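Trainee: I should like to learn how to read the enclosed spaces and the helix packing of a protein model. May we work through an example together?

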Amino acid sequence: MVGLEPNIERKDMILCALCDDAPCDQACSKLNPSGLLRNIWFRNEQTAALRLPEINPCLNCPALCERLCVRPGGVPIREVITRLYSQVLPGCETPLPENEDLLRCDLCGIPLENPFLLSSSVVASTYDMCARAFEAGWAGACFKTVCSLDIHEASPRFSAVSGNDRSIIGFKNIEQLSDHGVKENMETFRRLKKKYPSKFILASIMGQNEEEWGELAGLCEENGADAVELNFSCPNMAEEGLGSDIGQIPELVERFTAAAKRACGIPVLAKLTPNVMSMNPAAEAAVRGGADGIAAINTIKSIIGVNPHTYVSAPAVHGHSAVGGYSGNAVKPIALRFIAELGQNPKLAGVHLSAMGGVETWMDALEFLLLGGGSIQVTTAVMQYGYRIIDDLKAGLNLYLKEKAFRNVREVIGLGLDALSETTVPLERDTILFPQFIRERCIGCGRCRISCADGGHQAIRLDENRRPKLDAKRCVGCHLCVLVCPQRAVVRGRKRIQRRKKAENTEE
């Protein structure tokens, strides 16, 4: 079933470079190895399995694809594909959808081919880039913020926190707004709308006063934009009273939103800052000002990578740095919290939520939809992997919707809100759910014991074969052991008992 624990994990392909024009594809006439590996990387292994030919062509293959790999011997392509046949395909209960009709939705009443848009950033900053994204399958783009300011960017302006596989976990930028003039950007909107009339153009703007907010909104409408996004949230503006400074003051949000609404007849979204305790005051102010939707979240103010020799944080620009905006998969939990806050606010009922913040896979996107997002915007994953990730975003979500028998993607919006509480007070606390050990997966590393001993309740010991044993008298069901096991050999069990009775069974 789509969405369950993967049969093939990203660590199985830790050396896959996700190449452009991959040599492994050139070596294989029967499969698209790089596409299958990319499917797996982005949590879309069932789609990969369902795209396979009936008979495994790897069985008697000399594996030239592995020899041509840019990291020879690093990616066991034959083994991975064979595991798709043996471990994944037998569990595929639903055939691939014949079309993408289930993904059709809307943004403030304007049709979208699918929920996926590029968010306002460098990935949507020129005609050529947006055109290539549209050709790849993105439903639209929020163009990089148009302004009348004279923008000169620093170099370098990006830095990142990376995982063991060198993939970006968190991304920091000190980039500002579009460095193209207003006139040039308006020409870009006209060209895009003429060439791609069915694609959604969301024009991000930032003004310096009410008059300019209105003027820019009107210009965007005149030149083909389908909607306007008001940037109240950029954390990197040098001038005071711009970007996230506005988003922290509800009165300014309301005033500038009203100015934009007076000047145009297309939908207006307010893009809000996460650099606040609660987003509701600014969101409600935007609605009072006439906003048709809310976009969230923008990047989070951050500092990363302080050099131990120069004492300068990253990115360093001639010996200096600055607080910048943090994005990427690391911010997703924070973004989900804000989207849920907005989704549960009755004063925002009927207001479109365009959600973003750490989306890499279709499952990330689904989480935002379940908490109230009506459309999904993406930047950092595109910067890392390219526009091509739209294939897996669409394919994974489309298969999920078909498997769950949803009639369209709109039906999943907000389904996760009723089960979510703002605090832990309402949670049931009278029972314990024990973990369960999967013996055939266990390698006897003892990580579960160490974590339970030093970070838990000393409820796990290793037997003479280095296999874990649970002391139910001590176990409180925190499931730290489930999280730390490198083999997924500890899982949520099915045995739930009353706290007062937990001493009856002493060991499992």
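**Cavities and a buried helix**

Mentor: Let us begin with an enclosed space: helix H14 gives the most to the lining of the largest cavity, with 3 residues. Please keep in mind that this is a predicted model.

Trainee: How many cavities of 30 Å³ or more does the count give?

Mentor: The count comes to 4 cavities of that size. The largest has a volume of about 520 Å³. It is lined by 37 residues, and those closest to its centre are Ser-120, Ser-121, Asn-298, Thr-299 and Thr-379.

Trainee: Which elements each supply at least two residues of that lining?

Mentor: They are strands S4 (140–146), S6 (168–173), S12 (324–327) and S14 (375–378), together with helix H14 (380–385). One may then sort the lining by class: 15 residues are nonpolar, 18 polar and 4 charged.

Trainee: What is the volume of the second largest cavity?

Mentor: The second largest cavity holds about 130 Å³ of space. Of its 16 lining residues, the closest to the centre are Cys-16, Cys-19, Ala-22, Cys-24 and Leu-37. Helices H1 (23–27) and H2 (33–41) give two or more residues each to this lining, and H2 has the largest share, with 3 residues. By class, the lining of the second largest cavity has 13 nonpolar, 1 polar and 2 charged residues.

Trainee: Let us turn to helices. At what angle do H12 and H13 pack?

Mentor: One reads the angle against a cut-off: under 35 degrees counts as roughly parallel. Helix H12 (residues 332–343) and helix H13 (residues 362–370) pack at about 25°, with their axes 9 Å apart. The two helices are therefore roughly parallel to each other.

Trainee: Which residues make the contact?

Mentor: H12 contributes Lys-332, Ala-335, Leu-336 and Ile-339, while H13 contributes Asp-364, Glu-367 and Phe-368. These contact residues divide into 4 nonpolar, no polar and 3 charged. A general idea helps in reading such a list: an α-helix has 3.6 residues a turn, so residues three or four places apart point the same way.

Trainee: Why is H13 described as largely enclosed by the rest of the structure?

Mentor: A residue is called buried when its relative accessible area is under 20%. H13 is largely enclosed because 7 of its 9 residues are buried. They are Trp-362, Met-363, Asp-364, Ala-365, Leu-366, Phe-368 and Leu-369. Their cover includes strand S3 (116–118), H12, strand S13 (352–355), S14 and helix H15 (390–403).

Trainee: What phi does Gly-372 take?

Mentor: Gly-372, just after H13, takes a positive phi of about 120°.

Notes
Residues are numbered from 1 along each chain as its sequence is written. This is a predicted model: local features need pLDDT of at least 70, side-chain atom pairs count only at pLDDT 80 or more; totals for chains, interfaces and linings use all residues. Side-chain values use heavy atoms; hydrogens and water are left out. On a 1 Å grid over the protein atoms alone, a cavity is a set of points where a 1.4 Å probe fits but cannot get out, and a pocket is an open set with protein on both sides within 12 Å along at least five of seven lines; lining residues have an atom within 4 Å of a point. Grid points are joined across faces, edges and corners, and a volume is the space filled by probe spheres set on the points. Helices (H or I, at least four residues) and strands (E, at least two) are DSSP runs, numbered from the N terminus. Ala, Val, Leu, Ile, Met, Phe, Trp, Tyr, Cys and Pro count as nonpolar, Asp, Glu, Lys and Arg as charged, and the others, Gly among them, as polar. Axes are lines fitted to C-alpha atoms, for helices over the stretch in contact, and angles run from 0 to 180 degrees between N-to-C directions. Angles under 35 degrees count as roughly parallel, over 145 as roughly antiparallel, 65 to 115 as roughly perpendicular and the rest as oblique. Contact means heavy atoms within 4.5 Å. Buried means under 20% relative accessible area, exposed over 50%, partly exposed in between (1.4 Å probe, protein chains only).
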